[in-house]
Amino acid sequence: MSVCLSETSPAEWRYISEGGANIVFSYQGPRHPILAGKVLRLSKAPRGENGIPLCVSNDNLKFAVESQQKLFSRLLNPSYLVDLQIVPLETQWVEAFAIHHESSRPQERRSNSMVNCAGRTGVLAPDLVGGLSCVPKWGFLPNPVHLSPESMPIKTRTCRTCMHAHLKQIEGKNAAIHYCPLDLFSGSKERLETALMGLWDSWIQSNGSINNMRIFNHGKIVLPSEVGCCVF
């Protein structure tokens, strides 16, 4: 069954969260045979120097769906994969949608990006109203043949995620500096525990602002300062 998102009002959606490339909203409108219990993922566009958003492709959304269907379905039992559905977008509706929800976004996000109004598709997924969201990032080191002599010594020993976290820390931003995806994917129980505890510690120290790990309850982000760590 197809769905026309332009038949819904922007007010029937609630801002949930966002990362560097995508932003997620939860459907809160009248009972709908398709949209009830779903979230909508839209791509983001960076702002130029004058604050005007740049036109970008949203092929990353299509890639995410195809990756699940063609790759992850071969690695994992299908029962562990959520249903992802590509949905068409109308420009006028997306523009109104973006304006309506702009004030709900964190200021640091609004200053450098916005909803990609040029995007022609979005992704519908189940609204996992309670649970933990973990974004593991890149769990490998690059092949040395693709590295310059100057970068090889550091990039063959330090992963991309850790380098980005270090840069964020220097810039005074919150980052998961205690977490390394190489530990998470190492196959070692000890290193796996180190990675998970690193994520947990970074979540607490940043008051939940890092996007590597987020905890949700009834569709809302849970922050350490709101409930106290003893609850978990």
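**Exercise 1: Two positive phi angles**

Decide from its relative accessibility whether Asn207 counts as buried, partly exposed or exposed, and then compare its setting with that of Lys137.

*Solution.* At 31% relative accessibility, Asn207 counts as partly exposed, where buried means under 20% relative accessible area, exposed means over 50%, and partly exposed is in between (1.4 Å probe, protein chains only). The model is a predicted one, in which local features need pLDDT of at least 70 and side-chain atom pairs count only at pLDDT 80 or more, while totals for chains, interfaces and linings use all residues. Residues are numbered from 1 along each chain as its sequence is written, and side-chain values use heavy atoms, with hydrogens and water left out.

The next step is to place the residue: Asn207 is in the loop between helix H7 (189–205) and strand E8 (213–217), where helices (H or I, at least four residues) and strands (E, at least two) are DSSP runs numbered from the N terminus. Its phi is near 55°, a positive value in a residue other than glycine. Lys137 also has a positive phi, near 70°, and it is found in the loop between E7 and helix H4 (152–155). With a relative accessible area of 37%, Lys137 is partly exposed.

**Exercise 2: The faces of helix H2**

Find which residues of H2 are buried, and work out how they are arranged around the helix axis.

*Solution.* Begin with the list: the buried residues of H2 are Trp93, Val94, Phe97, Ala98 and His101. Seen down the axis of H2, these residues fall within an arc of 135°, so they line one face of the helix; the arc is that of the directions from the helix axis to the C-beta atoms. The general background is that an α-helix has 3.6 residues a turn, so residues three or four places apart point the same way. On the other side of H2, Gln92 and Ile99 are exposed. As a last step, look at what the buried residues of H2 pack against, namely E1, strand E2 (22–27), E3 and strand E5 (113–115).

**Exercise 3: Salt bridges between separate parts of the chain**

Trace the salt bridge of Glu18 and that of Arg47, and determine which residues are joined into one network.

*Solution.* A search of the whole structure finds 6 salt bridges, a salt bridge being a side-chain nitrogen of Lys or Arg within 4 Å of a carboxyl oxygen of Asp or Glu. In one of them, Glu18 is paired with Arg105, with the closest N and O atoms 2.8 Å apart. This pair links distant parts of the chain, since Glu18 is in strand E1 and Arg105 in the loop between helix H2 (91–101) and helix H3 (107–110), 87 residues apart. Both Glu18 and Arg105 are buried.

Next take Arg47, which forms a salt bridge with Glu102, the closest N and O atoms being 2.9 Å apart. Arg47 lies in the loop between strand E3 (38–46) and H1, and Glu102 in the loop between H2 and H3, so the pair ties together parts that are 55 residues apart in sequence. Arg47 is partly exposed at 23% relative accessible area, whereas Glu102 is buried at 16%.

A further salt bridge joins the side chains of Asp183 and Arg191 (2.8 Å, N to O). Here Asp183 counts as buried at 16% relative accessibility, while Arg191 is partly exposed at 36%. Finally, salt bridges that share partners join Glu18, Lys44, Arg47, Glu102 and Arg105 into one network.

**Exercise 4: A buried charge and a buried leucine**

Identify the nearest side chain of opposite charge to Asp127, and then list the contacts of Leu5.

*Solution.* Asp127 is in the loop between strand E6 (121–126) and strand E7 (131–134). It is buried yet has no salt bridge, and the nearest side chain of opposite charge, Arg14, is 5.5 Å away; in this count Lys and Arg are positive and Asp and Glu negative, with His and the chain ends not counted. Leaving aside neighbours within four places in sequence, Asp127 is in contact (heavy atoms within 4.5 Å) with Ser26, Gly37, Lys38 and Val39.

Turning to Leu5, its place is in the segment before strand E1 (13–18), and at 2% relative accessibility it counts as buried. Not counting residues up to four places away in sequence, Leu5 touches Trp13, Leu35, Leu40, Val87, Pro88, Leu89 and Trp93. The C-alpha atoms of Leu5 and Val87 are separated by 8.0 Å, although these residues are 82 apart along the chain.
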